[in-house]
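Biologist: Please take me through this model one question at a time, with the cut-offs spelled out.

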Amino acid sequence: MSIEIANITKSFSSFKALSHIDLKINTGELVALLGPSGSGKTTLLRIIAGLETPDTGSIIFNGEDHTEKNTQDRKVGFVFQHYALFKHMTVFENIAFGLKVRPSKIRPNKDVISKKVYELLGLVKMEGLANRYPSQLSGGQRQRIALARALAVEPKVLLLDEPFGALDAKVRKDLRRWLRKLHDEYPITSVFVTHDQEEALDVADRIVILNQGQIEQIGTPEEVYDNPINPFVYNFLGNVN
Ligand code: ADP
């Protein structure tokens, strides 16, 4: 699913969180939204998700204007930094949730749901944990379950807000490799928010650098690495005088 963001502006009271954002994301791309805190990354992600309405501009999915449509029509999966798993539900129930709450006409039956949940547990390498509760899992395991839950509804677009930010370095690396592999194997379009330059350079097909609500640079990791115009990235790459 391609995503076209055209002239998006968003203010909160008098504060301009995003100004005139134009961005085309191709089907199958893994795009990182990189930038310092407060640069508008989450706001842009929420607008793509349909969780926030822009003041101006439009969001086009595969050529179709979705600006006025609600989240459910966008076929997006969403993964947050802090897992947001349902504490009172087992891993199985958490992953099955999105399928169970579908309107009755398109709700799969129990066996189909069960097959799908175990398939997803395999995909995120969490077989054997179906009956645990979130409190019995490590941070990395919880985030794997959150990814499985987001993928349960077979989204065409996966939106991730600092998905690995709260995890330790080794787990973070494993999960970003996993996200890369998912992209190499499935036709899914993803946008992930990060303030971790290394993460963006490591896994993204393209990096979009936001600064004070505007796009400062768009490029492949190689292009950004070779020509870092944002001081945030520039400093990270060790180019400080
Ligand atoms: P980032 O994800 O890059 O840290 P955000 O998109 O979360 O940035 O926020 C951009 C700016 O907009 C911040 O200054 C933030 O305080 C402000 N902002 C975001 N959401 C709201 C809101 N619901 N109400 C008021 N201000 C907001």
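**Core, ligand and sheet**

Biologist: Which residues does Ala148 touch, leaving out those up to four places away in sequence?
Modeller: This is a predicted model, where local features need pLDDT of at least 70, side-chain atom pairs count only at pLDDT 80 or more, and totals for chains, interfaces and linings use all residues. Residues are numbered from 1 along each chain as its sequence is written. Contact requires C-beta atoms, placed from the backbone, within 7 Å. By that test Ala148 touches Ile95, Leu120, Leu121, Leu123, Val124 and Met126.

Biologist: Which helix gives the most to the largest nonpolar core?
Modeller: A nonpolar core joins buried Ala, Val, Leu, Ile, Met, Phe, Trp, Tyr and Cys residues through C-beta atoms within 7 Å; buried means 20 or more other C-beta atoms within 10 Å of a residue's own. The largest has 58 residues, and Ala148 is among those with the most contacts inside it. With helices taken as DSSP runs (H or I, at least four residues), the top contributor, giving 6 residues, is α4 (residues 139-151).

Biologist: Which helix gives the most to the shell around the ligand?
Modeller: A shell residue has its C-beta atom, placed from the backbone, within 6 Å of the ligand. The shell includes Lys41, Thr42 and Thr43. The largest share, 3 residues, comes from helix α1 (residues 41-49).

Biologist: In β5, which residue is the bridge partner of Phe61?
Modeller: Strands are DSSP runs (E, at least two residues), and two strands pair if DSSP finds at least two bridges between them. Strand β4 (residues 56-61) and β5 run antiparallel, joined by 2 bridges. The partner of Phe61 in β5 is Glu64.

Key:
A residue is buried if 20 or more other C-beta atoms lie within 10 Å of its own, exposed if 12 or fewer, and partly exposed in between; C-beta atoms are placed from the backbone. Two residues are in contact if their C-beta atoms, placed from the backbone, lie within 7 Å.
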